[in-house]
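The following report walks through cysteines, helices, charged pairs, surface and an annotated domain. It is meant to be read beside the sequence and the coordinates.

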Amino acid sequence: MNTEQLMRFVGEVWDKSIVPALCEYIRIPNKSAHFDKNWEKHGHMDAAAELMRQWCEANALPGMKTEIVRLPGRTPLLFIDVPATGDKNSTDCVLMYGHMDKQPEFTGWAEGLSPWTPVIRNGRLYGRGGADDGYAVFGSLLALKALAEQKIPHARCVIIIEGSEESGSPDLPAYIDALADRIGEPSLVVCLDAECGNYDQFWCTTSLRGNLTGTLRVDVLREGVHSGMASGIAASSMRIARQVLERVEDSVTGRIKLDALFAKIPEDRVQQAQAAAKALGAEVYRKLPMVEGMQPMDKDPAELLLNSTWRPTLSTTGVDGIPSLPNAGNVLRPYTAFKLSFRIPPGVDPERAGAAIKETLEKDPPYGAKVRYDADPGADGWNAPSTAPWLAAAMSSASKTFFGKDAMYMGVGGTIPFMGMLNVKFPKTQFLVTGVLGPQSNAHGPNEFLDIETGKKVTACVAQVVAEHYRRS
């Protein structure tokens, strides 16, 4: 492999073709089905799938088949089958994964930036979904094109781009079952939907937390009442909500109090967190846009990494029943409702954890108030199988070649449901889970961006790993 030629080829295609395609993709407000109940009527998901299909067809490799697969009532899935260029009789396969659906707009975008308007500043492409992870299909196919440009063989590759990941991938199992014969049994999975600790190295995700969401609602009155007349007689719904939430989370330390949400942290993951913390230092928390004076929850970067990858946490992501400040009258409100998001470590049973949360929040409600917790379907966490020596060597070599530093390993606090599904279905499969979501890239929030140079280097690294996968087989 001529690595300089490969990097040059990848860079040119990114600049001339991928960045313009991503700009058009960012303009499409294809919010995931959980956030757009009328997604099918609006047609934005179909538009995103068609944009990607057309780009892939225009950049097709010999014998490649591209199809938008649609199952009734489900979001579309882009399915790309690239024939092997090496041993064409082999049944071996590489599965490459990404998603096309997006998170909603959110607030707080900086001046001149918005979720559906692509803007390039200082080598970064701003807009919703570019890094999380619209680039995946383009980067995956380009990695294979870069190998073809030098006639470097690779195994058969299947690229799957789903349309419901940001909703917890409810549609994906049906597609995996429907396409099982066409997918085959991959020995390597490449996922481009993860984080990178910095923009200086190639990062491999070793674990993902699961996610449990639900709505806690506390009702105390049938209707709002003048606070001067009611306060001191009827307890406020907010105070009762605070009491029941204290049952599951220590409000001072943030520690979750339910044993059902904990799992033992493997020693190798502790060691990897310590190595990543040594490489990142204060960047572990400085990557977050903390207000002036705000301090992280621990002074040890390794503990912060373990907090965010292998320990359960609670975030309140939404609220109802509380008027905006200009509309806040002197009223004891009838109810308060919170959207709760629990992140759970790999190995925790979502059903058992969800049942423990519900029982704890609802039992013995203060003052006999109506306290109800309605849980959404949960998502498992995922702990990657041990990395095979050939894959570890390939990632290390690729990182040194294209980034100039060794590869790093790190758990990620988010959830990619597909990884757990595949791990169960193909327990012997190796995983390369990586991405471009580095410091301040802010997926799901305002000012999301894709660092273009990192996108190029990750694409080149994937190409080298896929080539090494063929060589070792």
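A residue is called buried when its relative accessible area is under 20%, exposed when that area is over 50%, and partly exposed in between. The model described here is a predicted one, and every value below was computed from it.

## Charged pairs

A search of the whole structure finds 21 salt bridges. Side chains of opposite charge can pair when their charged atoms come close. Three of these pairs are set out in the table, with the distance between nitrogen and oxygen given for each pair.

| Pair | N to O distance |
|---|---|
| Glu50 and Arg53 | 2.5 Å |
| Arg372 and Asp374 | 2.8 Å |
| Glu468 and Arg471 | 3.1 Å |

How many residues apart are Glu468 and Arg471 in helix H15? They are three residues apart, about one turn of the helix, and H15 itself covers residues 452-472. An α-helix has 3.6 residues a turn, so residues three or four places apart point the same way. Glu468 has a relative accessibility of 25% and therefore counts as partly exposed, whereas Arg471, at 63%, counts as exposed.

Salt bridges with shared partners also join Glu50, Arg53 and Glu57 into one network. Within that network, Glu50 and Arg53 both belong to helix H3, which covers residues 44-58, and they too are separated by three residues, or about one turn of the helix. Glu50 is partly exposed at 27% relative accessibility, and Arg53 is likewise partly exposed, with a relative accessible area of 21%.

For the pair of Arg372 and Asp374, both partners again fall in the partly exposed class: Arg372 has a relative accessible area of 47%, and Asp374 has a relative accessibility of 34%.

## Cysteines

How many disulfides does the structure hold? The number is zero. For Cys23, which is in no disulfide, the nearest cysteine sulfur is that of Cys56, and it is 17 Å away. A disulfide is a covalent bond between the sulfur atoms of two cysteines, and the cut-off applied to such a pair of sulfur atoms is 2.5 Å. Why is Cys204 not bonded to Cys191? The sulfur of Cys204 has its closest cysteine sulfur in Cys191, but the two are 10 Å apart and therefore too far from each other for a bond. Both Cys23 and Cys204 are covered by the rest of the chain to the extent that they count as buried, Cys23 having a relative accessibility of 14% and Cys204 one of 4%.

## Helix H4 and strand E7

Helix H4 runs over residues 130-149 and bends by about 40 degrees at Ala136. This helix is mostly covered, since 18 of its 20 residues are buried. Just after H4, the backbone at Lys151 takes a positive phi of about 55 degrees.

Val190 belongs to strand E7, which covers residues 188-191. With a relative accessible area of 0%, Val190 is buried. Although Val190 and Val137 are 53 residues apart along the chain, their C-alpha atoms are separated by 11 Å.

## Annotated domain and surface

The UniProt record, an unreviewed entry, carries the annotation "domain: Peptidase M20 dimerisation" for residues 207-366. Over residues 207-366 the chain is 34% helix and 21% strand, and the C-alpha atoms at the two ends are 39 Å apart.

Where does Gly329 lie? Gly329 is in the loop between strand E11 (313-320) and strand E12 (331-332), and its relative accessibility of 47% makes it partly exposed. The C-alpha atom of Gly329 is 8.9 Å from that of Ser227, although 102 residues separate the two along the chain.

Which residues form a nonpolar patch on the surface? They are Leu288, Met290, Val291 and Met294, which together have about 370 Å² of accessible area. One of them, Val291, lies in the loop between helix H10 (283-286) and helix H11 (301-310). Val291 has a relative accessible area of 60% and is therefore exposed.

Conventions
Residues numbered from 1 in each chain as written. Predicted model: local features only at pLDDT ≥ 70, side-chain atom pairs only at ≥ 80, totals over all residues. Heavy atoms only, no water. Buried < 20%, exposed > 50% of the residue type's maximum accessible area, 1.4 Å probe, protein only. Bend = angle between axes of the 7 residues up to and from the residue. Helix = DSSP H or I, 4+ residues; strand = E, 2+ residues; numbered from the N terminus. Salt bridge = Lys/Arg side-chain N within 4 Å of Asp/Glu carboxyl O. Patch = residues over 30% accessible without salt bridge, like charges linked within 9 Å, V, L, I, M, F, W, Y side chains within 5 Å. Areas by Shrake-Rupley, 256 points an atom, 1.4 Å probe, with all protein chains shown as cover. UniProt positions renumbered as here; feature names shortened; annotations may be inferred.
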